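Reader: I would like a close look at one part of this model, and then a walk outwards from there. Please keep it plain.

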Amino acid sequence: MAFSLLRVVSSIEISAGLGFADSDSSSLVANTAGEVVMSSEQKVYDVVLKQAALVKDQKRSEIVVDVKPDMVIPGTMYLLKEAYDRCGEVCAEYAKTFYLGTLLMTPERRRAIWAIYVWCRRTDELVDGHNASHITPTALDRWELRLEDLFAARPYDMLDAALSDTVSRFPVDIQPFKDMIEGMRMDLKKSRYENFDELYLYCYYVAGTVGLMSVPVMGIAPESKATTESVYNAALALGIANQLTNILRDVGEDARRGRIYLPQDELAEAGLSDEDIFNGKVTDKWRNFMKIQIKRARMFFKQAEQGVTELSQASRWPVWASLLLYRQILDEIEANDYNNFTKRAYVSKAKKLLSLPMAYGKSLISPLSHTQSSLLRV
Ligand SMILES: CC(C)=CCC/C(C)=C/CC/C(C)=C/CC/C(C)=C/[C@@H]1[C@@H](COP(=O)(O)OP(=O)(O)O)[C@]1(C)CC/C=C(\C)CC/C=C(\C)CCC=C(C)C
Ligand SMILES: [Mn+2]
């Protein structure tokens, strides 16, 4: 079955050291009513297939960006250049290391990634920014209509115009963008996750989607023998790994907002309750629970690693850099003796600097010399 690269890894599989199971059982899960339903992983895989097919086609209609009248300043090209430059500035301000990494990419790809970054940042700001307390599902519905408009070459503002141009040049599907908005909706109404299947879906919505949005722009190396689907799966895995890491780093901070992004069934299995999280005491039960969660996040990073080498040469460095930097947050949680209640795990400047040449070295490995790849076409 094509759907074998990515598996929902249950805590039992992890603690038993089994890693990925070899049956197809993970495509089905039981919901809270005890009914057997399609797993989140299976649902997400359908989006992966759709995006991969779009990339294979590479057939995009020529869309001329039609800018709203109130935005017209002499010459559309000039406006677009300004719009992209502004995206670059936002990116440099919020994610310096990542911005530096994009400078190695071709100018067209670099500015497209900035435009995607800015849209993601703005979407997250809706629920996490200064005006977050005023955000309603209706506001998110309006944001989604605006997204549809920009995909139809009717951008609402300058930053939308940059993304509108990007999606007309690269085979980017709208679904991952809609799904990210869905993740923000989920954040408005949900503060507990029954099991890993539910958490996986949330992580896909808010972070796995970023991988699916980015790969069509970053490009797969022409010499890559990997299947398109497998590269998309790896991209998805990187988003999931990053978000799981985010969650593990921010347990205390989230709890102070009344939120627990941890599988309730696994907490119970470890003998822990919501109260334990709110009390924020590092106990052996907590350490053991955290060890399992960290192990799972590392498995997703491992899965992502297999795909980075398949990306086009110039795109590998920023991705390796982000993977190595983010993964180190897990090491820091361990170094803090699993106190993620009151200590924020962060990677020091020195470690960050050291990661950059390391990432560069890894980015020089091309798919051809990557003979161990398990992503090869058969
Ligand atoms: C084959 C292969 C491995 C390809 C690489 C694919 C790829 C580029 C994957 C990117 C994965 C990635 C960086 C995911 C972002 C995960 C993330 C941190 C999501 C955050 C969501 C919400 O988190 P939360 O609110 O809990 O946390 P904060 O306190 O707010 O941080 C996000 C904030 C969603 C918004 C995401 C962004 C702003 C980042 C968007 C990034 C890009 C478009 C660029 C990605 C490119 C590179 C090179 C990393
Ligand atoms: Mn956020």
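Is alanine 153 buried or exposed?

Author: Alanine 153 is buried, because its relative accessible area is 5% and the cut-off for buried is under 20%. Bear in mind throughout that this is a predicted model.

Alanine 153 sits in the loop that links helix 6 (137–151) to helix 7 (158–169). Its backbone deserves a look as well: phi is near 65 degrees, which is a positive value in a residue other than glycine. Most residues other than glycine have a negative phi.

A positive phi also turns up at aspartate 337, where the angle is near 55 degrees and the residue is again other than glycine. Aspartate 337 belongs to the loop between helix 15 and helix 16. Its relative accessibility is 36%, so it counts as partly exposed, whereas alanine 153 is buried.

Helix 6, on one side of the loop of alanine 153, contains glutamate 144. Glutamate 144 has a relative accessible area of 13% and is therefore buried. Its side chain makes a polar contact of 2.6 Å with the side chain of arginine 185.

Next comes helix 16, on one side of the loop of aspartate 337. Helix 16 covers residues 349–363, which is 15 residues. At 1.5 Å a residue they should span 21 Å, and the end C-alpha atoms are indeed 21 Å apart, so the two values agree. The buried residues of helix 16 are Ser355, Leu356, Ala359 and Ser363. Seen down the helix axis, these buried residues fall within an arc of 115 degrees, so they line one face of the helix. The face turned away from that buried side carries exposed residues, namely Ala350, Leu353, Leu354 and Pro357. A general point about α-helices helps here: there are 3.6 residues a turn, so residues three or four places apart point the same way.

Helix 10 (228–249) is a useful contrast. In helix 10, 22 of the 22 residues are buried, so the helix is largely enclosed by the rest of the structure. Its length can be checked in the way used for helix 16: 22 residues at 1.5 Å each should span 32 Å, and the end C-alpha atoms are 32 Å apart, which agrees.

Helix 10 also leads to the ligand. It gives the most to the shell around ligand 1, with eight residues. The helices that each supply at least two residues of that shell are helix 5 (107–128), helix 9 (196–218), helix 10, helix 14 (284–308) and helix 15 (313–335). There are 30 residues around ligand 1, and those that come nearest are Phe98, Asp124, Asp128, Asn242 and Gln243. Sorted by class, the shell holds 19 nonpolar, eight polar and three charged residues.

Some side chains of the shell can be described atom by atom. A side-chain N or O atom of aspartate 124 is 3.0 Å from an oxygen atom of ligand 1. For glutamine 243, the distance from a side-chain N or O atom to an oxygen atom of the ligand is 3.3 Å. Asparagine 246 has a polar side-chain atom 3.4 Å from a ligand oxygen atom. Taken alone, ligand 1 exposes 1000 Å², and the protein buries 88% of that.

Helix 9, another contributor to the shell, contains glutamate 198. Glutamate 198 counts as partly exposed because its relative accessibility is 23%. It is 167 residues from asparagine 31 in sequence, yet their C-alpha atoms are 9.6 Å apart in space. Asparagine 31 has a second such partner in glutamate 194: here the two are 163 residues apart along the chain, and 9.3 Å separates their C-alpha atoms. Glutamate 194 lies in the loop between strand 3 (192–193) and helix 9, and at 37% relative accessibility it counts as partly exposed.

One further pair of this kind involves lysine 50, in helix 2 (residues 40–57). Lysine 50 and aspartate 173 are 123 residues apart in sequence and 8.1 Å apart in space, C-alpha to C-alpha. With a relative accessible area of 45%, lysine 50 is partly exposed.

Terms used: Residues are numbered from 1 along each chain as its sequence is written. Chains are lettered from A and ligands numbered from 1 in the order in which they are written. This is a predicted model: local features need pLDDT of at least 70, side-chain atom pairs count only at pLDDT 80 or more; totals for chains, interfaces and linings use all residues. Side-chain values use heavy atoms; hydrogens and water are left out. A residue is near a molecule or strand if one of its heavy atoms lies within 4 Å of it. A polar contact is a pair of N or O atoms within 3.5 Å; within protein, one must be able to donate a hydrogen and the other to accept it, and residues adjacent in sequence count only if both atoms are side-chain atoms. Accessible areas come from the Shrake-Rupley method with a 1.4 Å probe; for residues, only the protein chains shown count as cover. Helices (H or I, at least four residues) and strands (E, at least two) are DSSP runs, numbered from the N terminus. Ala, Val, Leu, Ile, Met, Phe, Trp, Tyr, Cys and Pro count as nonpolar, Asp, Glu, Lys and Arg as charged, and the others, Gly among them, as polar. The expected span of a helix is 1.5 Å times one less than its number of residues. Buried means under 20% relative accessible area, exposed over 50%, partly exposed in between (1.4 Å probe, protein chains only). The arc is that of the directions from the helix axis to the C-beta atoms.
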